[in-house]
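Trainee: I should like to work through a protein model with you, feature by feature. May we begin once the structure is displayed?

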Amino acid sequence: MQLRIEKISKKDLGSALKIYNYYITNSYSNFEEKKLTFKDFYKNYKNIINKKLPYLVALYDEKVVGIAYLNQFREKSGYRFAFENTIYIHNNYIKQGIGSKLLKALIDCSKKNKKIKLIVAVIGSIDSQSSIKIHQKLGFKKVGKLTKVGFKKNKWIDSIFLQKNL
């Protein structure tokens, strides 16, 4: 089996949504509390693609095993060069280096876009060591933490901020 990373296509969206929703239901890494509908997921996809931002999938034998994309960090115009990354790996494929490969590909794509000057990773503090390690390995620096900013499943969650200047 060969891992392939490429731009997401519409045919991958259903599988990508399943991965995304898994982390809503089963983790503290996504601060959403209700699963996204396909309509809302598609709307987010269109928004990212229309802004010409990178949206990638990792494929093993045509099966979507990971997703990674950038989205605007904040909507205010002064943040126009800062983008937040999102990476999720299918739960059956974690700890196989896919996250690292996806993040590296996302960074490489981002460097080709002159609008992207900074990537911000906002990582939930519960069970986040692997994600932090992957980001730091690829040049992200820890720059801060917001304490008890998220609340999910009756737990307060910190947000850890890392950033990489391109």
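The following exchange concerns salt bridges, pockets and surface features of this predicted model.

Trainee: How many salt bridges does a search of the whole structure find?

Mentor: Side chains of opposite charge can pair when their charged atoms come close. The pairs include Lys11 with Asp12, and Arg4, Glu6 and Glu62 are linked in a network of such bridges. For the whole structure, the number found is 5.

Trainee: In the salt bridge between Lys11 and Asp12, is Asp12 buried or exposed?

Mentor: The closest N and O atoms of Lys11 and Asp12 are 3.4 Å apart. Lys11 has a relative accessibility of 63% and counts as exposed. A residue under 20% relative accessible area is classed as buried. Asp12 has a relative accessible area of 3%, so the term for this residue is buried.

Trainee: Which separation in the helix relates Asp108 and Lys104?

Mentor: The side chains of Asp108 and Lys104 form a salt bridge, with an N to O distance of 3.2 Å. Asp108 is partly exposed at 33% relative accessible area, and Lys104 is likewise described as partly exposed, at 43%. Both belong to helix α3 (residues 98–111) and are 4 residues apart there, so their separation is about one helical turn.

Trainee: Which strands are tied together by the pair Lys145 and Asp158?

Mentor: Lys145 and Asp158 form a salt bridge in which the closest N and O atoms lie 3.7 Å apart. The two residues are 13 residues apart in sequence, and because Lys145 lies in one strand and Asp158 (residues 155–165) in another, the pair joins β6 and β7. With a relative accessibility of 16%, Asp158 counts as buried. The strands asked for are therefore β6 for Lys145 and β7 for Asp158.

Trainee: Which strand gives the largest share of the lining of the largest pocket?

Mentor: This pocket has a volume of about 1500 Å³. Its lining comprises 49 residues, and Ser29, Asn30, Ile87, Tyr88 and Ser131 lie nearest the centre. By residue class, the lining divides into 22 nonpolar, 20 polar and 7 charged. The largest share, 6 residues, comes from strand β4 (residues 82–89).

Trainee: How many residues in the lining of the second largest pocket are nonpolar?

Mentor: The second largest pocket holds about 270 Å³ of space. Its lining includes Ile8, Leu53, Tyr55 and Cys109, and β2 (55–60) and α3 each supply at least two of the lining residues. Beside 2 polar and 3 charged residues, the number of nonpolar ones is 7.

Trainee: Which residues form a nonpolar patch on the surface together with Leu146?

Mentor: Leu146 is located in strand β6 (residues 141–152). Patch residues must have over 30% relative accessible area. Leu146 is partly exposed at 42%. The patch has about 240 Å² of accessible area together, and the partners of Leu146 are Phe31 and Val149.

Trainee: What distance separates the C-alpha atoms of Phe151 and Lys114?

Mentor: Phe151 is also placed in strand β6. At 39% relative accessibility, Phe151 counts as partly exposed. Phe151 and Lys114 are 37 residues apart along the chain, and their C-alpha atoms are separated by 36 Å.

How values were computed
Residues are numbered from 1 along each chain as its sequence is written. This is a predicted model: local features need pLDDT of at least 70, side-chain atom pairs count only at pLDDT 80 or more; totals for chains, interfaces and linings use all residues. Side-chain values use heavy atoms; hydrogens and water are left out. Patches are made of residues with over 30% relative accessible area and no salt bridge: like charges are joined within 9 Å, nonpolar side chains (Val, Leu, Ile, Met, Phe, Trp, Tyr) within 5 Å. Accessible areas come from the Shrake-Rupley method with a 1.4 Å probe; for residues, only the protein chains shown count as cover. A salt bridge is a side-chain nitrogen of Lys or Arg within 4 Å of a carboxyl oxygen of Asp or Glu. Buried means under 20% relative accessible area, exposed over 50%, partly exposed in between (1.4 Å probe, protein chains only). On a 1 Å grid over the protein atoms alone, a cavity is a set of points where a 1.4 Å probe fits but cannot get out, and a pocket is an open set with protein on both sides within 12 Å along at least five of seven lines; lining residues have an atom within 4 Å of a point. Grid points are joined across faces, edges and corners, and a volume is the space filled by probe spheres set on the points. Ala, Val, Leu, Ile, Met, Phe, Trp, Tyr, Cys and Pro count as nonpolar, Asp, Glu, Lys and Arg as charged, and the others, Gly among them, as polar.
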